[in-house]
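Let's walk through where the ligands sit in this model, one question at a time.

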Amino acid sequence: MEIGLSPLDTKKLYIESYGCAMNFADSEVVASIMAENGIHNVATEEEADIIFINTCSIRDNAEQRIRHRLKALRHNKKQNKELTIGILGCMAERLKKQLLEEEKLVDIVAGPDAYRELPILLSEVYDGRKAMNVILSLEETYGEIQPTRLNSNGVTAFISITRGCDNMCSFCVVPFTRGRERSRDPESIVKEAQQLIESGYKEVTLLGQNVDSYLWYGGGPKKDFKKLTEEEKAQSVNFADLLDMVAKVSPELRVRFSTSHPKDITDEVLYTMLKHENICKYIHLPAQSGNSRILDKMNRTYDRDWYDGKLKRIRELMPDCGVSSDIITGFCSETEEEHEDTLDLMRASNFDFSYMYFYSERPGTLAARKFEDDVPEEVKKRRLSEVIEIQNELSKRKNKAREGQTFRVLIEKESKRNKDEWMGRTDQNITCIFPKSNYKRGEYVEVRIDRSTTTSLIGVGVS
Ligand code: SAH
Ligand code: SF4
Ligand code: F3S
């Protein structure tokens, strides 16, 4: 870069990420953009001249966590007056200028589509000004940028395939923080997968808020397939096509994807999963609620029957497919009977695991504008604990039934609890722990399961 960025050359960066996998993937894009400008990543905040915090706004407590973190950073800034602090990601996008006003130690505020501008924002800071860019884009996908892998185990990696979300679920802040949905050029996705396998990686997870609505037609904001021109249709690539392309990169490369929206996952995608052994038989299919009136109010665009039907279809085609879900309890006006429907959905769906939350009103969302957040917090929390209890029971039972069976596991890293054991995951995305023996990281191992807990399988390698 020209424009007097020379002071950047000697600077060191520390990035901290919160929120979903997409944020973690974005931080790797940020690290790459910064490295191009001579600013390299360091492993600890103590060594850094610049600290970027990539933030999440999904629930109030996610933002509170970041506010606490910023409080702690005041100490760092006192110790080092030259320290630059940047807030990136969803909270930056949601709060914009307000963040600079409320958090005096913050120098840079950059939204999710503004990361190419970071070197320029930094040079503004070195010129003595605070800097902000929160412009959302209709095209930006950072397609050609090769991410710098951070905190990597060298085995599994994320690849972003879409950005933004057009769904407008009434509770959700993401469409406001991430902007309109757009798909990334499939060639750049395949190229990234190829580079990963060449560098020894064995698993990729294709990421998007709603991966099933991926549609490449030459670039730009999401369009309905029917609205494409003949030329666009001819070169179009949908999610099933993309899965097929990535699966073909190498039979040694496992392919996962997340998140699937129940309204968009198609038979074509399920058949593509069946066609390739290396596409993991695991689907994250967030239900949110088991009651059709609540689902309608959430603007999820499917009802309970539709959800049940999708799940049935998945299990018809792939009986041992792992399925997980997201659940929100205590959404606006949810009655006790409607909550019972969610408990019923949990029992009937037999999810392998779920991410479960109580409803947190987000400013600016449809629900915040139109509905009253009228379920008392203690009721939301009690309902949540009931949902969690059922899920734990299901997970425990499902894992118990896996004892005695053998699963193919990809070794990811050392177990947190015991340095003599490996941690890896089964095709269905269940964590598996077993003795290291002579196995190596990145190897596929057949593991016979001897014991289990709610969250993991414990066994021994037999291959
Ligand atoms: N795109 C994904 C979800 C992204 S957000 C999908 O549509 O499924 C991850 C999860 O956070 C959501 O599935 C939902 O369960 C939860 N969530 C989102 N907004 C929330 C809110 N306001 N309160 C509580 N949980 C929320
Ligand atoms: Fe949010 Fe709904 Fe989009 Fe998921 S699909 S990111 S819940 S608006
Ligand atoms: Fe959070 Fe933004 Fe992801 S709000 S969940 S980091 S898209």
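What follows is a short chat about the surroundings of two ligands in a predicted model.

User: Why does ligand 3 lie between domain 1 and domain 2?

Analyst: Look at who supplies the shell around ligand 3: Cys20, Asn23 and Cys56 are among the residues there, and so are Val174, Arg178 and Gln209. Domain 1 covers 6-133 and domain 2 covers 156-401. Ligand 3 lies between them because its shell takes residues from both domains.

User: How many residues in the shell around ligand 3 are charged?

Analyst: Sort that shell by class and you get five nonpolar and three polar residues. What's left is the charged class, and its count is one.

User: Which side chain has an N or O atom 2.6 Å from an oxygen atom of ligand 1?

Analyst: Ligand 1 has a few polar partners to check. Arg300 puts a polar side-chain atom 3.1 Å from a ligand oxygen, and a polar backbone atom of Ser360 is 2.7 Å from a ligand nitrogen. The 2.6 Å pair, though, uses the side chain of Asp326.

User: How much of the area that ligand 1 exposes when taken alone does the protein bury?

Analyst: Start with ligand 1 by itself, which exposes 540 Å². Put the protein back, and the share of that area it buries is 90%.

User: Which elements give two or more residues to the shell around ligand 1?

Analyst: That shell has 15 residues, with Phe171, Gln209, Gln288, Asp326 and Ser360 coming nearest. By class, seven are nonpolar, four polar and four charged. The elements giving two or more of them are β15 (322-329) and β16 (353-358).

Methods:
Residues numbered from 1 in each chain as written. Chains lettered and ligands numbered in written order. Predicted model: local features only at pLDDT ≥ 70, side-chain atom pairs only at ≥ 80, totals over all residues. Heavy atoms only, no water. Near = heavy atom within 4 Å. Nonpolar A, V, L, I, M, F, W, Y, C, P; charged D, E, K, R; others polar. Domains from an automatic or database assignment. Polar contact = N/O pair within 3.5 Å; in protein donor to acceptor, adjacent residues only side chain to side chain. Areas by Shrake-Rupley, 256 points an atom, 1.4 Å probe, with all protein chains shown as cover. Helix = DSSP H or I, 4+ residues; strand = E, 2+ residues; numbered from the N terminus.
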